[in-house]
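The following report describes the fold, strand pairing and local environments of a single chain. Please read it alongside the sequence and the coordinates.

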Amino acid sequence: MAKCDACCSIVMDRRGERGHDALVETGSEKFSPIGKAAVTKASFICSTCGTKWTYENDKNNSFAGWHEVEN
Ligand SMILES: [Zn+2]
């Protein structure tokens with residue numbers, strides 16, 4: 001299915017960007033790389049178009065943030 005307008009407007013690969021209101025969180029995991037700040041990775045699905053996303057909050061990686069999950 002094609003991505004909805006809200007999903008198309010998500011800024012990928014940049015930490016601190018917002019998702020949109022139709023995203024539903026489906027789970028999250030937290031892991032702690034040795035010697036680095038803990039990373040939280042949350043999974044979402046868009047209730048409008050079904051696109052799956054992850055959001056990584058990784059202070060060590062400025063390219064973390066929103067990523068579309070390949071099906
Ligand atoms: Zn969508």
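In what order do the four strands of the open sheet lie, and is their pairing parallel or antiparallel? In this predicted model, the order is 1-2-3-4 and the pairing is antiparallel. The edges are taken by strand 1 (23-31) and strand 4 (66-68); each has a single partner strand, so one side of each is left without a neighbour in the sheet. On average, and with direction ignored, neighbouring strands of the sheet are turned by 25° against each other.

**Overall architecture**

One helix and four strands make up the secondary structure of the chain, and they follow one another in the pattern α-β-β-β-β along the sequence. The radius of gyration is 12 Å, close to the 11 Å that the globule rule gives for 71 residues, so the chain is as compact as a globular protein of that length. Along its principal axes, the C-alpha trace spans about 40 × 20 × 20 Å. Buried residues account for 15% of the 71 residues of the chain. Of the contacts between residues at least 6 apart in sequence, 40% join residues at least 24 apart.

**Strand pairing**

Strand 1 and strand 2 are paired in the antiparallel sense over eight bridges. Strand 2 (residues 39-46) is in turn joined to strand 3 (residues 52-57) by six bridges, and these two strands also run antiparallel. Three bridges connect strand 3 to strand 4, again with antiparallel direction. Individual bridge partners are listed below.

| Residue | Bridge partner | Strand of the partner |
|---|---|---|
| Phe31 | Val39 | strand 2 |
| Thr40 | Asn57 | strand 3 |
| Ser43 | Thr54 | strand 3 |
| Ile45 | Lys52 | strand 3 |

Further along strand 3, Trp53 stands opposite Glu68 in strand 4. The hairpin of strand 2 and strand 3 has five residues between the strands, and Gly50 takes a positive phi near 80° there.

**Nonpolar core**

Which residues form the largest nonpolar core? It has eight residues: Cys7, Ile10, Leu23, Phe44, Cys46, Trp53, Tyr55 and Trp66. Strand 2 and strand 3 are the elements that give two or more residues to this core. Trp53 thus appears both in the core and in the pairing of strand 3 with strand 4, where it faces Glu68. For the core residue Ile10, the contacts beyond four places in sequence are Glu17, Gly19, His20 and Trp66; Trp66 is itself a member of the core.

**Loop residues**

Three loop residues illustrate the range of environments.

Asp13 belongs to the loop between helix 1 (5-8) and strand 1. Most residues other than glycine have a negative phi. Asp13, although it is not a glycine, has a positive phi of about 60°. Its surroundings hold 13 other C-beta atoms within 10 Å, so Asp13 is partly exposed.

Gly65 is located in the loop between strand 3 and strand 4. Is Gly65 buried or exposed? With 20 other C-beta atoms within 10 Å, Gly65 is buried, because a count of 20 or more meets the criterion for burial. When residues up to four places away in sequence are not counted, Gly65 touches Met12, Asp13, Arg14, Arg15, Glu17, Tyr55 and Glu56. Asp13 is therefore one of the residues touched by Gly65, under the criterion that C-beta atoms lie within 7 Å. Tyr55, also in that list of contacts, is a member of the largest nonpolar core. The C-alpha atoms of Gly65 and Thr54 are separated by 7.7 Å, with the two residues eleven residues apart along the chain.

Gly35 lies in the loop between strand 1 and strand 2. Gly35 has 6 other C-beta atoms within 10 Å and is exposed, because a count of 12 or fewer defines that class. A separation of 41 Å lies between the C-alpha atoms of Gly35 and Ala2, which are 33 residues apart along the chain.

Methods
Residues are numbered from 1 along each chain as its sequence is written. This is a predicted model: local features need pLDDT of at least 70, side-chain atom pairs count only at pLDDT 80 or more; totals for chains, interfaces and linings use all residues. Two strands pair if DSSP finds at least two bridges between them. Axes are lines fitted to C-alpha atoms, for helices over the stretch in contact, and angles run from 0 to 180 degrees between N-to-C directions. Two residues are in contact if their C-beta atoms, placed from the backbone, lie within 7 Å. The radius of gyration is taken over C-alpha atoms; the globule rule is 2.2 Å times the number of residues to the power 0.38. A nonpolar core is a set of buried Ala, Val, Leu, Ile, Met, Phe, Trp, Tyr and Cys residues joined through C-beta atoms within 7 Å.
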